[in-house]
Amino acid sequence: MWPIGTIVESIAGRDKDYLLCVVGYEGGMVLVADGRERPLQRPKKKNPNHLAPLLQLEPLTWELRGNNALRKALNRISER
């Protein structure tokens, strides 16, 4: 499993090709959020086999600032 704050790409499901951030774990599933459709307060459960890790963000950079900071970080990464 990846540390909290890891940016992952969904490789299966309705959100395929979306960038998401790992925000926790629950029962063998990964909890991910994107700050928009899936805010930090309501993360999505994803099978870890349906995710591909990209890079690690420092959790404090988005966690303290909330959904807007997470969304902006994901947008900067997707523009690369």
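Here are four short exercises, each with a worked solution, on the predicted model shown above.

**Exercise 1. A patch on the surface**

Task: Find which residues form a nonpolar patch on the surface, and place isoleucine 4 in the chain.

Solution:
- Step 1. Start with the members: Met1, Ile4 and Tyr25 make up the nonpolar surface patch.
- Step 2. Together these residues have about 300 Å² of accessible area.
- Step 3. Now locate isoleucine 4, which sits in the segment before strand E1 (6-10).
- Step 4. Its relative accessible area is 35%. Partly exposed is the class between 20% and 50%, so isoleucine 4 counts as partly exposed.

**Exercise 2. A pocket and a cavity**

Task: Describe the largest pocket and the largest cavity by volume, by lining residues and by residue class.

Solution:
- Step 1. Take the pocket first: the largest pocket has a volume of about 190 Å³.
- Step 2. Look along its wall for Asp17, Tyr18, Leu19, Asp34, Arg36, Arg71, Leu74, Asn75 and Ser78.
- Step 3. Helix H2 (residues 67-78) is the largest contributor to this lining, giving four residues.
- Step 4. Sorted by class, the pocket lining holds three nonpolar, two polar and four charged residues.
- Step 5. Turn to the cavity: searching the whole structure gives one cavity of 30 Å³ or more. The volume of the largest cavity is about 70 Å³.
- Step 6. Around the largest cavity you will find Arg14, Asp15, Tyr18, Leu20, Asp34, Glu37, Arg38 and Lys44.
- Step 7. That lining contains six charged residues, two nonpolar ones and no polar ones.

**Exercise 3. Two salt bridges from one loop**

Task: Which partners do arginine 14 and lysine 44 have in salt bridges, and what does each pair tie together?

Solution:
- Step 1. A salt bridge needs a nitrogen and an oxygen within 4 Å. Arginine 14 and glutamate 37 qualify, since their closest N and O atoms are 3.8 Å apart.
- Step 2. Arginine 14 lies in the loop between E1 and strand E2 (19-26), and glutamate 37 in the loop between strand E3 (29-33) and strand E4 (44-46), so this pair ties together parts 23 residues apart in sequence.
- Step 3. Check the exposure: arginine 14 is exposed at 61% relative accessible area, while glutamate 37 is partly exposed at 40%.
- Step 4. Next, lysine 44 meets aspartate 15 in a salt bridge, at 3.4 Å from N to O.
- Step 5. Lysine 44 belongs to strand E4 and aspartate 15 to the loop between E1 and E2, so the pair connects parts that are 29 residues apart in sequence.
- Step 6. Buried means under 20%. Lysine 44, at 18%, therefore counts as buried, and so does aspartate 15, at 4%.

**Exercise 4. Strand to strand, and a network**

Task: Where do glutamate 26 and lysine 45 lie, and which residues are joined into one network by salt bridges that share partners?

Solution:
- Step 1. The side chains of glutamate 26 and lysine 45 form a salt bridge, 2.6 Å from N to O.
- Step 2. Glutamate 26 is in strand E2 and lysine 45 in strand E4, so you can place the two 19 residues apart, in distant parts of the chain.
- Step 3. Both partners are partly exposed: glutamate 26 at 41% and lysine 45 at 46%.
- Step 4. For the network, follow the shared partners: Asp15, Lys44 and Lys46 are joined into one.
- Step 5. To finish, the total count is four salt bridges.

Conventions. Residues are numbered from 1 along each chain as its sequence is written. This is a predicted model: local features need pLDDT of at least 70, side-chain atom pairs count only at pLDDT 80 or more; totals for chains, interfaces and linings use all residues. Side-chain values use heavy atoms; hydrogens and water are left out. Patches are made of residues with over 30% relative accessible area and no salt bridge: like charges are joined within 9 Å, nonpolar side chains (Val, Leu, Ile, Met, Phe, Trp, Tyr) within 5 Å. Accessible areas come from the Shrake-Rupley method with a 1.4 Å probe; for residues, only the protein chains shown count as cover. Buried means under 20% relative accessible area, exposed over 50%, partly exposed in between (1.4 Å probe, protein chains only). On a 1 Å grid over the protein atoms alone, a cavity is a set of points where a 1.4 Å probe fits but cannot get out, and a pocket is an open set with protein on both sides within 12 Å along at least five of seven lines; lining residues have an atom within 4 Å of a point. Grid points are joined across faces, edges and corners, and a volume is the space filled by probe spheres set on the points. Ala, Val, Leu, Ile, Met, Phe, Trp, Tyr, Cys and Pro count as nonpolar, Asp, Glu, Lys and Arg as charged, and the others, Gly among them, as polar.
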